[in-house]
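Subject: Structure for your files

Hello,

Here is the structure you asked to have passed on. My notes on it follow below.

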Amino acid sequence: MTLTRGTVLVCGPRPVVAPLQAVLEALGGRVVTSPTPDGLTSRFEQERPDAVVLPAHGLGSALERALARERHACAVVGLASDTPPTHPELFDLLVHGTPDAAWAEPLRLVLLLGRARREAQDAGREVMRLRESTSAQVLRITGLLLNMLDRRHPGSTERSAQLAELSLQVAERFSIPDDMLPGLNLAARLRGVGRLALPGDKPGTPGDPAWEWSVTQATASLLEPFPELAQAVELLQAMHENWDGTGSPSHLLSGQIPMRSRILRAVHDYLVGRNAPGAPAASEILERMSDLTNTLYDPLVIVHLRAIVETSGSPSLNALRLYLPVPELSVGMMLAEDLYTDSGIKLLSRGTTLSHAALDVIQRRHAQEPMYRGVAIQRKPAGD
């Protein structure tokens with residue numbers, strides 16, 4: 001079998017390289033030679049070889065680091081001699097003696113390995129590019145929906161941010177893998193956009209279980225055409241399932257309900273109670289929810305939710321922050337959370353005390369891209 005494509009980068013003195021080059025050319029492909037290791041690291045990127053062949057002793061530290069890195073993207077063949085090889089673990093194949101026909105088969109196999117690595121790296125880069133492109137699309141979609149929602153129902157994005165923040169805190173206690181957290185965050189932040197799709201005469205009011213279920217299902221239907229949001233849709237569709245199997249729409253039972261949906265349900269219901277007019281104390285709401293464990297809620301989710309609320313030292317996330325329109329910001333205020341534009345560009349970090357320069361940055365960005373949600377500012381403790 002011959003190699004009909006690909007590049008082999010060979011480094012070494014002419015007497016050694018010439019017979020080796022003949023063996024490699026018989027296998028097919030392109031052979032590039034370099035008499036010394038000087039500048040070899042830069043040629044990796046220029047040539048992008050399927051394999052590199054070089055003396056296995058006397059490597060410099062820079063070349064050793066380059067080989068360790070490039071071994072993920074090509075095969076490395078070492079030309080052994082009487083001198084012991086430097087770091088033999090860097091090489092996929094060590095060849096000894098004068099090149100002859102017996103070298104053809106091991107070299108063919110190692111070159112195929114190098115090609116597979118190169119193609120895998122190229123595929124990985126393409127996946128990364130698509131992932132970054134998808135992330136940008138998701139940011140545009142979510143930003144558009146949240147802007148529309150906040151214009152029609154002011155304060156909606158603030159409530160969504162509360163749901164996302166507290167849900168992620170509960171998820172952390174369950175050691176949910178990092179790659180599953182973005183789906184939870186998106187589901188929480190977008191949960192309310194279904195209000196845009198509900199008829200104006202839809203019966204019910206915020207806080208009413210039937211109305212809240214309608215909003216969630218409308219959100220899931222609205223997001224379903226977007227493959228990038230499939231994870232969020234799945235979580236929202238199961239958000240109103242009950243622990244005892246009496247929920248909707250699929251009557252899932254206990255562990256059949258996705259863990260992240262169970263978290264969303266409990267945190268959402270808690271915040272609805274906390275944000276209601278004349279809301280009771282947090283402890284009272286949590287006590288009522290505890291009475292409904294094993295029927296509506298996962299008992300362990302309620303345990304962790306209670307622990308987080310009690311540990312925070314405040315019965316409500318609202319007590320920790322205040323969302324202000326950009327024109328109402330002033331020097332000396334401290335950000336309660338990272339400040340992003342609606343398109344996802346981070347401007348300032350949580351804990352930043354606003355200076356004249358920071359205010360100027362915010363105001364100039366706001367003029368180009370209005371921040372409809374406002375800016376989260378830490379509330380001052382009572383008596384300050």
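Apart from neighbours within four places in sequence, Ser-160 is in contact with Ala-188 and Arg-189. Please keep in mind for this and everything below that the model is predicted. Ser-160 sits in helix 5, which covers residues 156-173. With a relative accessible area of 8%, Ser-160 is under the 20% limit and therefore counts as buried.

Val-138 is a second position I looked at. Its place is in helix 4, residues 104-152. Val-138 has a relative accessibility of 10%, so by the 20% limit this residue is buried as well. Once neighbours within four places in sequence are set aside, the contacts of Val-138 are Leu-186, Glu-228 and Leu-229. Val-138 and Phe-226 lie 88 residues apart in sequence, while their C-alpha atoms are 8.9 Å apart in space.

For the chain as a whole, the secondary structure amounts to twelve helices and nine strands. The protein chain has 384 residues, and 43% of them are buried. Its accessible surface is about 19,300 Å², with 56% of that belonging to carbon and sulfur atoms. If one takes the contacts between residues at least 6 apart in sequence, 61% of them join residues at least 24 apart.

Next, the sheet. Five strands form an open sheet in the order 2-1-3-4-5, and the pairing is parallel. Strand 2 (30-34) and strand 5 each have a single partner strand, so they stand at the edges and one side of each has no neighbour in the sheet. From one strand to the next the twist averages 20°. Helix 2, residues 40-47, packs on this sheet and touches strand 1 (7-11), strand 2 and strand 3. The direction of helix 2 makes about 160° with that of strand 2.

Strand 4 deserves its own paragraph. This strand spans residues 75-79, and five of its five residues are buried. In general, side chains in a regular strand alternate between the two faces of the sheet. In strand 4, Ala-75, Val-77 and Leu-79 point one way, whereas Val-76 and Gly-78 point the other way, and all are buried.

What does strand 4 pair with? Strand 3 (residues 51-55) runs parallel to strand 4 and is joined to it by five bridges. Val-52 has Val-76 as its bridge partner in strand 4, and Val-53 has Val-77. Strand 5, residues 93-95, also pairs with strand 4 in the parallel sense, over three bridges. There the bridge partner of Val-77 is Leu-93. Val-77 thus has one bridge partner in strand 3, Val-53, and one in strand 5, Leu-93. Together with helix 3 (residues 61-70), strand 3 and strand 4 make a right-handed β-α-β unit.

Last, the cysteines. How many disulfides are there, taking a pair of cysteine sulfur atoms within 2.5 Å as the rule? The count comes to zero. Two of the cysteines can be placed by their cover. Cys-11 has a relative accessible area of 1% and is therefore buried. Cys-74 is at 0% relative accessibility, so Cys-74 counts as buried too.

Regards

Terms used. Residues are numbered from 1 along each chain as its sequence is written. This is a predicted model: local features need pLDDT of at least 70, side-chain atom pairs count only at pLDDT 80 or more; totals for chains, interfaces and linings use all residues. Side-chain values use heavy atoms; hydrogens and water are left out. Helices (H or I, at least four residues) and strands (E, at least two) are DSSP runs, numbered from the N terminus. Buried means under 20% relative accessible area, exposed over 50%, partly exposed in between (1.4 Å probe, protein chains only). Contact means heavy atoms within 4.5 Å. Accessible areas come from the Shrake-Rupley method with a 1.4 Å probe; for residues, only the protein chains shown count as cover. Two strands pair if DSSP finds at least two bridges between them. A crossover is right-handed if, with the strands pointing away from the viewer, the path from the first strand over the helix to the second runs clockwise. A disulfide is a pair of cysteine sulfur atoms within 2.5 Å. Axes are lines fitted to C-alpha atoms, for helices over the stretch in contact, and angles run from 0 to 180 degrees between N-to-C directions.
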